[in-house]
Amino acid sequence: MKTPRTIVVGITGGIAAYKAVNIVRAFVLNGDSVHVVATPAALRFVGKPTLEAISRNPVHTDLYEGVAEVRHVAIGQGADLIVVAPATANSIAKLAAGLADDLLGNTILASTAPLVIAPAMHTEMWNNPATVANIAVLRSRGITIVGPGVGRLTGTDSGAGRMEEPDTIVAVALAVLDRATPAGEAAASAVPDLAGRRVLISAGGTREPLDPVRFLGNRSSGMQGVALAQAALARGARVTFVAANLEVPVPTSITTVLVGSALEMHEAMTRAAETAEVIIMAAAVADYRPRSVQVGKIKKEDVGDTLMLELVKNPDILADLAAERRPGQLIIGFAAETETDADRLLALGRAKITRKGCDFLVVNRVGKDAGFGTERNTVTVLDRRGVIVNEVSGSKMSVANCILDLIG
Ligand code: C5P
């Protein structure tokens with residue numbers, strides 16, 4: 001059984017405070033111990049009893065309660081992670097200035113735990129030079145900023161400033177926490193080691209159209225690619241995500257290009273590669289596509305008992321990117337194979353990395369029970385010489401972090 005970690009969830013006074021309840025619940029369900037520190041303004045949007053019931057702990061607000069137990073610093077000292085969601089423009093300004101005029105401010109100043117904040121405000125406030133400068137200060141201190149997303153705001157307007165979806169905030173926060181407190185190891189630095197690095201990730205499975213309603217596809221859910229994007233974001237990278245037909249939500253705070261087919265992915269990846277320092281091809285790309293796409297639906301009445309499909313080869317995106325790489329660009333590919341014999345699986349991986357010309361190849365076995373659509377993954381990472389540089393089995397998030405560790 002895992003040891004519960006202590007997560008402090010700071011809630012400040014914005015309408016998105018009601019969504020913080022889901023964040024608290026997700027941490028509790030993950031087996032972590034959650035303490036909510038809400039500002040008085042936050043409690044005008046969401047009730048203390050709700051937060052106490054969901055967090056299973058008392059909710060603290062007042063700086064002048066619990067003075068005998070030095071609560072204003074005790075909560076922060078005991079935290080393994082602090083997440084502020086939503087973080088209003090006002091609370092961001094206070095954080096940047098290091099103000100401690102309420103319990104949350106004291107808790108944060110008294111803590112050495114990593115801090116993740118999820119800004120939420122109207123677009124004008126987010127774009128205001130004061131907020132822009134405050135966010136830059138927080139980033140420079142190694143604080144992880146998740147979002148904000150772009151979309152519908154509280155009123156009838158839309159734009160940047162909407163709090164990132166709770167699932168994404170939780171995933172990024174847990175990735176930050178996992179890195180700060182790896183099991184059985186001394187706490188590592190939580191400073192984002194990929195700060196500012198431009199990372200391009202492809203994910204999902206391409207669909208090759210046969211007619212307006214049918215396609216040839218594969219079982220890739222995109223989960224490993226999404227975990228890579230979330231982990232890279234949590235480690236400070238500037239992530240561009242090229243996503244094909246994902247079965248899992250794409251974090252809205254990540255710049256995403258949606259594609260359908262292999263040809264569309266080829267075009268999107270080639271364009272995005274021009275500015276990328278690191279490319280990770282986690283997508284399952286169809287090797288072949290139908291030579292022609294029927295304009296109307298293929299009808300069995302017209303075809304008869306046997307339908308012959310003529311397929312033509314798709315470009316190999318990974319091989320093309322490796323052949324045209326920019327100086328210093330690091331390229332990582334995947335090899336999803338159904339081979340069950342470990343030695344033969346490795347031999348396939350070694351042949352593949354030579355053929356593709358990438359720097360590292362993440363080899364994994366896939367099938368109905370492994371790899372695709374599952375929560376966990378087991379991978380072996382090979383370098384250009386075919387030497388095993390890492391073997392990992394665990395959650396897709398932990399596999400993602402091991403892959404990102406390859407980025408020097
Ligand atoms: O050849 P194979 O499909 O096994 O290679 C897998 C790796 O190559 C993955 O990284 C995948 O994203 C990439 N790939 C590609 N273009 C293709 C086929 C695979 O980039 N047409």
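**View 1. Pro 86 has its place in strand S3, residues 81-87.** Strands here are DSSP runs of E with at least two residues, helices are runs of H or I with at least four, and both are numbered from the N terminus. The bond that joins Ala 85 to Pro 86 is a cis peptide, with omega at about -5°. Keep in mind that this is a predicted model, where local features need pLDDT of at least 70 and side-chain atom pairs count only at pLDDT 80 or more, while totals for chains, interfaces and linings use all residues. Residues are numbered from 1 along each chain as its sequence is written, and side-chain values use heavy atoms, with hydrogens and water left out.

**View 2. Another cis peptide bond runs from Gly 147 to Pro 148.** Omega is near 5° for this one. Pro 148 sits in the loop between strands S5 (144-145) and S6 (149-152).

**View 3. Arg 56 has a positive phi, near 65°, without being a glycine.** Look for Arg 56 in the loop that links helix H2 (48-55) and helix H3 (71-77).

**View 4. The ligand has 13 residues around it.** To be in this shell, a residue needs a heavy atom within 4 Å of the ligand. Met 281, Ala 283, Leu 318, Phe 334 and Lys 352 are the closest. By class, the shell holds eight nonpolar, one polar and four charged residues (nonpolar means Ala, Val, Leu, Ile, Met, Phe, Trp, Tyr, Cys and Pro; charged means Asp, Glu, Lys and Arg; the others, Gly among them, are polar).

**View 5. Backbone atoms make polar contacts with the ligand, one of them from Met 281.** Such a contact is a pair of N or O atoms within 3.5 Å. A ligand oxygen lies 2.8 Å from a backbone N or O of Met 281. On the nitrogen side, a polar backbone atom of Pro 315 is 2.9 Å from a ligand nitrogen, and one of Ile 317 is 3.0 Å from a ligand nitrogen. Helix H12 (317-323), strand S16 (330-337) and helix H13 (342-356) each give two or more residues to the shell.

**View 6. The ligand takes up the space of the second largest pocket.** A pocket is an open set of points on a 1 Å grid over the protein atoms alone, where a 1.4 Å probe fits, with protein on both sides within 12 Å along at least five of seven lines; lining residues have an atom within 4 Å of a point. The lining counts 45 residues, with Ala 283, Ala 284, Val 285, Phe 334 and Ala 336 nearest the centre. S16 contributes the most, four residues.

How values were computed:
A polar contact is a pair of N or O atoms within 3.5 Å; within protein, one must be able to donate a hydrogen and the other to accept it, and residues adjacent in sequence count only if both atoms are side-chain atoms. A molecule sits in a cavity or pocket if more than half of its atoms lie within 2 Å of its grid points.
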